[in-house]
Amino acid sequence: MPRQPITQQKIAEHVQRLGELYPPIALDSVDRSIKNPSAVADKYGHVIDYLARVELEVDRNVLELLCLLLDVDDTNKTFYADVWQPQEIQHGLILDRLQQDLGRTAAEPHLEVSFKIKILGALANLSPIQDVARLLYFLTGASTERQAVLAYNQINAGMQELGEVAISETIITPIKQQEPGHFAFYQMSATAMIQDGELKPWQLYLARVLREKSYNLVGTNAMDRYKADMGGLISALGLDADLEGYAREVGRLEARLLWANQNGMEFPPYILKALRESVDLYEERLTREAV
Ligand SMILES: [Fe+2]
Ligand SMILES: [Fe+2]
């Protein structure tokens, strides 16, 4: 069945609805009671550290998008300025306080825009490259938000298993309710670009090459230490039992939009490669620490 076309009007309505449905979560709405802090810290301490840092890096993500997108239209501006950034920063602050309640050190977000983004931003002054940058920005957003949804689902199940009702009900559940709407925004935006044929074949080719060369899992910032941390998160959440399944969940959208020329591709291979690399780096770190 053909998919309904996605209009700019639909995207604008989605953004407006998100703003109305999900005000940023207030810090004082959180019940800070923890039944067994050391059990939570042992099992999920480093996962919460990771997520807190990544959520707090939203401010760098805003700088990156301003660097990449030259003329941000009203819908995009409303999304990042009024909906997304205010929601994500609260996720970060709440998780950062949780990690400190668990006796761990405060997050140190990496807030510097990378050289690669600056270069792409400079090239994006050329309008054909601007369209490529915009598509990559939406695909990156969709991929990272999808990973957030999956991580929060797993961590919520884990907290419930530990009987940590307050963490589950007043931290993870409200956060995880806000992530799918972010994913949907990026998904709709990327889909609209492809469906409207905004990119010529050479631009799509360039988008594929750049994506293949620069794909990063959420929060890894192309750095080995964060990649190893991400491997730790994957393993703590049990996602390493089926990395291909996880790659499929994360990569389905861009397989469809970017790699439609490769019949039957379920997910782009670079996603599974990035997952394996993270798990390997984490295991290497464990081995090093054990010596
Ligand atoms: Fe978030
Ligand atoms: Fe999000």
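1. Start with a term. A donor is an N, O or S atom within 2.8 Å of the metal, and water is not among the atoms, so a site may look incomplete. With that in hand, take the iron ion (ligand 2): its donors follow the spacing E-x56-E-x33-E-x2-H along the chain. Keep in mind that this is a predicted model.

2. Which residues stand behind that spacing at the iron ion (ligand 2)? They are Glu88 (OE), Glu145 (OE), Glu145 (OE), Glu179 (OE) and His182 (ND1). Their distances to the iron ion (ligand 2) run from 1.9 to 2.7 Å. Glu145 appears twice in this list of donors.

3. Now look at where two of these donors sit. Glu88 belongs to helix H4, and His182 belongs to helix H7. The two residues are 94 apart along the chain, and the pair links distant parts of it. Glu88 is buried because its relative accessible area is 4%, under the 20% cut-off for that word. His182 has 0% relative accessibility, so His182 counts as buried too.

4. Turn to the iron ion (ligand 1). Its protein donors are Glu55 (OE), Glu55 (OE), Glu88 (OE), His91 (ND1) and Glu179 (OE). They lie 2.0 to 2.3 Å from the iron ion (ligand 1). Along the chain, the spacing of these donors reads E-x32-E-x2-H-x87-E. Here, too, a pair links distant parts of the chain: His91 in helix H4 (residues 74–101) and Glu179 in helix H7 (residues 165–195), 88 residues apart. Both His91 and Glu179 are buried.

5. How far apart do the iron ion (ligand 1) and the iron ion (ligand 2) lie? The distance is 3.6 Å, and Glu88 bridges the two ions. Find Glu88 in the structure, then trace from Glu88 to each ion in turn.

6. Next, the salt bridges. The count comes to 13. Four residues are linked in a network: Arg53, Glu57, Arg60 and Glu64. Glu57 takes part in two of the bridges described here. Arg53 and Glu57 meet through their side chains at 2.9 Å, N to O. Arg60 and Glu57 do so at 3.3 Å, N to O. Arg53 and Glu57 are buried, and Arg60 is buried as well.

7. Compare a salt bridge in another setting. Arg252 pairs with Glu249, and their closest N and O atoms are 3.7 Å apart. That distance fits the rule, because a salt bridge needs the side-chain nitrogen within 4 Å of the carboxyl oxygen. Both residues lie in helix H10 (residues 243–258); they are 3 residues apart, which means a separation of about one helical turn. Are Arg252 and Glu249 buried, partly exposed or exposed? Arg252 has 44% relative accessibility, so Arg252 counts as partly exposed. Glu249 is partly exposed because its relative accessible area is 27%.

8. Arg53 comes back in the second largest pocket. This pocket holds about 360 Å³ of space. Its lining has 16 residues, and the closest to its centre are Asp49, Tyr50, Arg53, Tyr226 and Asp229. Which elements give two or more residues to this lining? They are helix H2 (37–56), helix H9 (224–236) and helix H11 (269–290).

9. What about enclosed space? Searching the whole structure for cavities of 30 Å³ or more finds 1. About 40 Å³ of space lies in the largest cavity. The residues lining the largest cavity include Val30, Asp31, Arg32, Ser33 and Ile34. Among the others are Ile94, Arg97, Leu98 and Asp101, as well as Ile167 and Ile171. The elements that give two or more residues to this lining are H4 and H7. H4 gives the most, with 4 residues.

10. Last, the surface. Phe115, Ile119, Leu123 and Leu126 form a nonpolar patch there. Together they have about 420 Å² of accessible area. Take Leu123 as one of the members. Leu123 sits in helix H5 (residues 115–123). Its relative accessibility is 42%, so Leu123 counts as partly exposed. Residues in such a patch need over 30% relative accessible area.

Conventions:
Residues numbered from 1 in each chain as written. Chains lettered and ligands numbered in written order. Predicted model: local features only at pLDDT ≥ 70, side-chain atom pairs only at ≥ 80, totals over all residues. Heavy atoms only, no water. Patch = residues over 30% accessible without salt bridge, like charges linked within 9 Å, V, L, I, M, F, W, Y side chains within 5 Å. Areas by Shrake-Rupley, 256 points an atom, 1.4 Å probe, with all protein chains shown as cover. Buried < 20%, exposed > 50% of the residue type's maximum accessible area, 1.4 Å probe, protein only. Donors = N, O, S within 2.8 Å, 3.2 Å for Na, K, Ca; no water. 1 Å grid on protein atoms, 1.4 Å probe; cavity = no way out; pocket = protein on both sides within 12 Å on 5 of 7 lines; lining within 4 Å. Points joined across faces, edges and corners; volume = space filled by probe spheres on them.
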